[in-house]
2 protein chains.
Amino acid sequence: MKDNNKFSLSSLAEVNDKKIVMLVLDGLGDTNNNGRGTALQIADTPNLDALAQQSATGLAHPIAPGITPGSGPGHLGLFGYDPIEYQIGRGVLSALGVDFSLKKGDVAARMNFCTLDSQGKITDRRAGRISTEKNRELLGKIRKEVKTEKAEVFFETESEHRALMVIRGHELNAEVGDTDPQQTGKAPLEANRPPFENSTAAGIAANILEQVREVLKDEPRANMLISRGFAQLPDWPSFHESYRLNPVAVAGYPMYRGIARLLGMELFSDAKTPEDILKDTVKAMKDHDFVFAHFKDPDKKGEDGDIVGKVNALEEMDKALPLITENPPDVLVITGDHSTPAALGNHSWHPVPLLIMGPGTRGPYRMKFDEVSAVGGELGMIRSKEIMPLAMAHAGKLSKFGA
Amino acid sequence: MKDNNKFSLSSLAEVNDKKIVMLVLDGLGDTNNNGRGTALQIADTPNLDALAQQSATGLAHPIAPGITPGSGPGHLGLFGYDPIEYQIGRGVLSALGVDFSLKKGDVAARMNFCTLDSQGKITDRRAGRISTEKNRELLGKIRKEVKTEKAEVFFETESEHRALMVIRGHELNAEVGDTDPQQTGKAPLEANRPPFENSTAAGIAANILEQVREVLKDEPRANMLISRGFAQLPDWPSFHESYRLNPVAVAGYPMYRGIARLLGMELFSDAKTPEDILKDTVKAMKDHDFVFAHFKDPDKKGEDGDIVGKVNALEEMDKALPLITENPPDVLVITGDHSTPAALGNHSWHPVPLLIMGPGTRGPYRMKFDEVSAVGGELGMIRSKEIMPLAMAHAGKLSKFGA
C-alpha cells in the first residue's frame, strides 16, 4: 500500500551503464538583432548543425512563458527541479556565487553597502556603487573589529556594493528580519524587530550590524550595511536521490559550481574554455554517468550587449565540439539555462533552443541548430524541468509508469 | 461562495445528438527505424492521409515528456482522467487483464509463483518462469485445497508465473502487506505484519498463503506464491458522470475492456480485426454518443520488434477505414494510448500522433498522418488528457466557461 498517489520520477529511475552529458551554453537564446537573426543563426556552427540533423530538437521555457529566470532558477530547471517549487534563498545564492562553502545551519544574507545621513536615514541604498576594491578594504576592517559571542561571522565581497554575510552557530534558523527598508529616506530596520525578537540569529545579526555601524561611521559614502534574504541551505533531494545518477560538474564559475554542489554534485574541473570544458567532460565520463558542463561566455557577451562576442563564443564552442562528438556519451543534451539576447543586454524570458542526441529520436530532423529551426523539431515547446526526464528516457534509465 | 476554485469539465458538459468515436491504435507511435522512418511513415495509408488533410492533427504525451506509460495509465489519459491523479492498483489491473469481474469491496492482488529453498528463502521470484499450463495446473490444485471462512477466494492464471488472487468478503479493505520482499535470499513477508495486524483482509490473506505453502510444498520450482499491490476498485467518477455521454466499448482484449468497465462503459463487442472493429463501431453509434474502439495489433507487433508486422497492421486498418469514414461520426478521434516503437520492442515515452476530424478545424492541414507531419499540425503538442475536452468541443458538447 502506498500512502498517496503522488508521482515521483525517482521511483522510476533505473541504473544502467549509459552516460548522459548536459552541455549548458549559458544565456544561449537570442532575439533577432534587427533582422540579422539570432546569435545562433548568425554564427557559423557546422558541428552543432550536423548534430541537429540527427537529434531531437525543440525549445524549453526555463520557468514559464514570459518569466525571465535568474541563473539559479535557470539551472534548477535544467536539473529537473521545478524552479517555482524549489526556491533558493537570496543569501544562499550569494554564498554560492562567491564559492563560499556554506554548511548546514549557516545563516547567509546578501548585504549592500549603503549611505546614511546624519539622522541615520538611507540616502543611497548602493552607497554610490563603490568599487569592488573599496568593498574589500571595508570588509577587511569589519572582519578585524566586529566581535561575536556564541557564533562566528563571515563577510565576503561580491562586487561593487554587494557582499555576503554568514552567521555560523548552534541551532540557528533564518528567522531574521531584512534590514533594507527598500527605499531611501528611511532608517535601516532592526534585524530582531517583532516577530523576530526571539530568534537567536536575529539577535546576533542585530548586534553585528550595530558594530558595523560603529566601524564604518567615518566613511563618507559606504557608512552602513543593509541586509536582504537571510536563508539557510535547503533540504532538497540530491541529484543522485532524484535520478540514481552519479553526477559531476565541469564548471568554471562559482555560481554554477555552487548550484551543482547544492544538489550534491561533485566538482570535476573548473574549465572555462570550450576546449578545456569538452576535454574534461570526456574525462569525467569515465567514472560518472552524468556530467554537467557549463560554458559561461554566451551569457557574458549577451549581457554586454555584444552580439559579435556572443557569435564568436558560439563559434568557438562549435569548433571544439568534435572533442565530444568523437567520444560521444550515449545521450548528449545541448541547451542553455535561459536566453540572454545581446539586443537586451540581459537575461530574458525567451525559450531556449534544445538538442538531445541519443537513441530513440524520430524527427523531423532540422538542418540547423537555432531558435527558429527548433520550432519545427520533434520536442516542440517544453519546460526546462522536462529535459531531465527526456534525457533519462533516451538513456533507457526510466522504467514504465503503471502496468 | 464556492468551496474551492477547482475547474470541473463535467460542469460544462452538454448533451446533444452528436456522436464521438475514439479509435485507439494501441502502441501507434514509433521511432525512425534507422532512417527508414516510423511505422506510419513506412506504411501506405491513403485513407488516414486523406483524413489528415481535413483534420486537426498534433501529438499527445500520454503522461509527460520522458514518461513511458503502461496500458492502464495510457488509456486513462485518453479518457481524460489524469493518469498521475488516477492511479489503478496493481491488483485491480491484474483483474482487468484477465476479465475477472471485480466487485466493489473485493481485494485483488497480483501474485507470482516463486521458488523457496529448504530454509524458506526465495531463490527465484518468478519460479523459473513456469509455463502458463503449469500455472493453470497449480492454481487448480490450490483452488481445490485452500479453505477460507468469512470470505471467498479466487485465483486466476495470467501467464507464466503470474496470477491473480481476489478475496471477497464483508467490509474488507486493501490494508494488506505485500509478501514479495522484492529480492532473493529473503523469506516472503507476512501479509498481516504490523501495521496490517488489525486488518481482516490481511489476516485472511496470511491464512490463505500458509495453506498455499502447504499445497505447493512438494513442487520442485513453483513452491510458493508471493503477492504485490493489494487493491480495490477505485471510487472514481464514471465516464458518463464526467462527460454526460452514453459510452460503449468495442474492445477485443480483456485489459481494455476492463479499463472501460472501470469507468462504467458498456461492452458492445469484442471485435479484434480492423473490419470487425469498424463495422461494430458504426453499429454501436446508433444508440451511443461515444464509442471507444480498440485495435491491439500495432502494439503487439511493436512489442515483438516486428516493424513489418506493425506496418501491415496499420495498412490493414487503413484499408478498412472507409467502413467508418463513409458512415462518419460527427467527431472522429484517431490516436494511440502510447508509442511502442518496433526498434525498442517496448512501450516508450514518445508522444503519439493524434487526429481529430470534425467541425471546427482550421489547419495547417497536413498531407500525411504520421509522427513527423503531426509536428506541424494545429493541435501542437498536448497531453492525452486534453483530447477528450477537444473532442467534446468539436462535437459542440462543452458550454462556455464563465460569462
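Into which domains is chain A divided? The legends below start there, and the model they describe is a predicted one.

**View 1. The two domains of chain A.** Domain 1 of chain A is made of two stretches, 18-87 and 237-394, while domain 2 covers 93-231. Taken over C-alpha atoms, the centres of domain 1 and domain 2 of chain A are separated by 35 Å.

**View 2. Where domain 1 of chain A touches domain 2 of chain A.** Let's move in on the contact, to which domain 1 of chain A gives 7 residues and domain 2 of chain A gives 5 residues. On the domain 1 side, helix 8 (residues 254-262) of chain A supplies the largest share, with 6 residues. By character, the residues on this side of domain 1 of chain A are 4 nonpolar, 2 polar and 1 charged.

**View 3. Helix 3 of chain A and its surroundings.** Is this helix, residues 71-78 of chain A, mostly covered or mostly uncovered? Helix 3 of chain A is mostly covered, with 8 of its 8 residues buried. Reading along the helix, you meet the buried residues A:Ser71, A:Gly72, A:Pro73, A:Gly74, A:His75, A:Leu76, A:Gly77 and A:Leu78. The partners against which the buried residues of helix 3 of chain A pack include strand 1 (20-25), helix 4 (90-97) and helix 8 of chain A. Strand 13 (380-383) and helix 14 (387-394) of chain A are also among them. After helix 3 of chain A comes A:Gly80, with a positive phi, near 90°.

**View 4. The contact between chain B and chain A.** Here 34 residues of chain B meet 23 residues of chain A. On the chain B side, two or more residues each come from helix 3 (71-78), helix 4 (90-97), helix 13 (371-374) and strand 13 (380-383) of chain B. The chain B side that touches chain A holds 17 nonpolar, 13 polar and 4 charged residues. Only 9% of the interface residues of chain B are also interface residues in chain A, so the copies meet through different surfaces.

**View 5. The axis that relates chain B to chain A.** Two copies of a chain are related by a rotation about an axis and a shift along it. In this model, chain B superposes on chain A with an RMSD of 0.1 Å after a rotation of 124° and 0.0 Å of shift along the axis. The two copies are thus related as by a three-fold rotation axis. To find the axis from chain B, look for B:Gly376: its C-alpha is the one in chain B nearest the axis, 4.0 Å from it.

How values were computed: Residues numbered from 1 in each chain as written. Chains lettered and ligands numbered in written order. Predicted model: local features only at pLDDT ≥ 70, side-chain atom pairs only at ≥ 80, totals over all residues. Least-squares fit on C-alpha atoms with pLDDT ≥ 70 in both. Contact = placed C-beta atoms within 7 Å. Domains from an automatic or database assignment. Helix = DSSP H or I, 4+ residues; strand = E, 2+ residues; numbered from the N terminus. Nonpolar A, V, L, I, M, F, W, Y, C, P; charged D, E, K, R; others polar. Buried ≥ 20, exposed ≤ 12 C-beta atoms within 10 Å, placed from the backbone.
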